[in-house]
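Biologist: Please select one residue of this model and describe it closely. I should then like to see how its surroundings connect to the remainder of the chain.

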Amino acid sequence: MKISAQIFPRPVALITTISKDGSPNVATFSFIMPISFEPKFVALAVGENRFTLTNLETTKEFGLNILKREQVRLAQICGSYSGKDIDKFKLAGLSVEKAKEIRPPLIKEAPISLECKVEFTQKFGDHYLVVGKVVREIIREEKFDPLLHYTGDSFFTWRSLISP
Ligand SMILES: Cc1cc2nc3c(=O)[nH]c(=O)nc-3n(C[C@H](O)[C@H](O)[C@H](O)COP(=O)(O)O)c2cc1C
């Protein structure tokens, strides 16, 4: 059984990066984890053949754009093709916004975007753990239903908050 079917649900984000020659890319990630409150740090696990990894290694910056439940189709499109082969911004009809502290663009449709600078990369098995420091945050919506991932093409939605 895949680890994604053992540890779930996980929030879904579109990770935006940029190549050395300045062309942007976007890809879907659910292996994401908050690490520190103050300053904020986040971690991603990036598969070894992802174009996103090449960009992260060369330009060391990324945008983490959280998705909401209505955006499941965007998650599927940006997670099904590689930026090596296709412009996923066009394919998914995404609107971009210029970031202030990093070079990759942000996704305007996302309720939250975090501008991050890579501080650490280490290979573990078939993925690379990439840790980024959050250098700016953009909150477009405070109340939204996050899109949650199970495994493969299966997602969850969030029903209600519970308190112990
Ligand atoms: C919902 C969803 C979540 C995904 N999560 C991850 C992830 O956390 N790490 C990863 O390496 N790939 C993940 N993928 C796969 C990548 O998005 C996919 O391989 C994509 O084509 C990579 O694009 P790139 O080559 O442009 O970087 C996910 C795919 C989907 C649909």
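Modeller: Arg10 counts as partly exposed, because 19 C-beta neighbours lie inside 10 Å, whereas a buried residue needs 20 or more. The model is a predicted one, and every statement below should be read in that light.

Arg10 belongs to strand S1, which covers residues 10-11. Leaving aside residues up to four places away in sequence, Arg10 touches Ser30, Phe31, Ile32, Leu148 and His149. Two of these contacts, Leu148 and His149, belong to strand S11, which spans residues 147-149. A further contact, Ile32, opens strand S4, which is given as 32-36. Sequence separation and distance in space may also be set side by side: Arg10 and Ser23 are 13 residues apart in sequence, yet their C-alpha atoms are 29 Å apart.

Just ahead of this strand, the backbone has a notable peptide bond. Phe8 and Pro9 are joined in the cis form, with omega about -5°, and Pro9 is located in the segment before S1.

The sheet to which S1 belongs comes next. S1 and S11 pair through two bridges in the antiparallel sense, and Pro11 has Leu148 of S11 as its bridge partner. Leu148 is also among the residues that Arg10 touches. Together with S12, these strands make an open sheet of three, ordered S1-S11-S12, with antiparallel pairing. S1 and S12 (155-157) stand at the edges with a single partner strand each, so one side of each has no neighbour in the sheet.

The contact with Phe31 leads to the ligand. Phe31 is one of the residues that come nearest to the ligand, along with Gly47, Gly79, Ser82 and Gly83, out of 21 residues around it. Two or more residues of the shell come from each of strand S3 (24-29), strand S5 (41-47), helix H1 (51-59) and helix H2 (72-78). The most come from S3, which gives four residues. Sorted by class, the shell consists of nine nonpolar, ten polar and two charged residues.

S5 deserves attention in its own right. A hairpin of four linking residues joins S4 to S5, and the two strands pair antiparallel over four bridges. Within that pairing, Met33 stands opposite Ala43 of S5. The loop between S4 and S5 holds Pro39, and the peptide bond from Glu38 to Pro39 is cis, with omega near 0°. S5 is also joined to S10 by seven bridges, again with the strands running antiparallel. Here Gly47, one of the residues that come nearest to the ligand, has His127 as its bridge partner in S10.

H1, which also contributes to the shell around the ligand, has Thr52, Asn55 and Leu56 as its buried residues. These three lie on the same side of H1, because they cover an arc of only 100° around the axis. What covers them includes S3 and S5, as well as strand S2 (13-18), strand S6 (61-66), strand S9 (112-124) and strand S10 (127-139). S3 and S5 thus appear both in this cover and among the elements of the ligand shell.

Beyond H1, the chain reaches Lys60, which is found in the loop between H1 and S6. Lys60 is not a glycine, yet its phi is positive, at about 60°. With 17 other C-beta atoms within 10 Å, Lys60 is partly exposed, as is Arg10 with its 19 neighbours.

The wider chain gives the setting for these details. The protein chain has three helices and twelve strands. Its C-alpha trace spans about 50 × 35 × 35 Å along the principal axes. The radius of gyration is 15 Å, which agrees with the value near 15 Å for a compact globule, because the rule is applied to a chain of 164 residues. Buried residues make up 31% of those 164 residues. Of the contacts with a separation of 6 or more, 64% link residues 24 or more positions apart. The contacts of Arg10 with Leu148 and His149 offer an example from the part examined here.

Technical notes:
Residues are numbered from 1 along each chain as its sequence is written. This is a predicted model: local features need pLDDT of at least 70, side-chain atom pairs count only at pLDDT 80 or more; totals for chains, interfaces and linings use all residues. A residue is near a molecule or strand if its C-beta atom, placed from the backbone, lies within 6 Å of it. Ala, Val, Leu, Ile, Met, Phe, Trp, Tyr, Cys and Pro count as nonpolar, Asp, Glu, Lys and Arg as charged, and the others, Gly among them, as polar. A residue is buried if 20 or more other C-beta atoms lie within 10 Å of its own, exposed if 12 or fewer, and partly exposed in between; C-beta atoms are placed from the backbone. The arc is that of the directions from the helix axis to the C-beta atoms. Two residues are in contact if their C-beta atoms, placed from the backbone, lie within 7 Å. Two strands pair if DSSP finds at least two bridges between them. The radius of gyration is taken over C-alpha atoms; the globule rule is 2.2 Å times the number of residues to the power 0.38.
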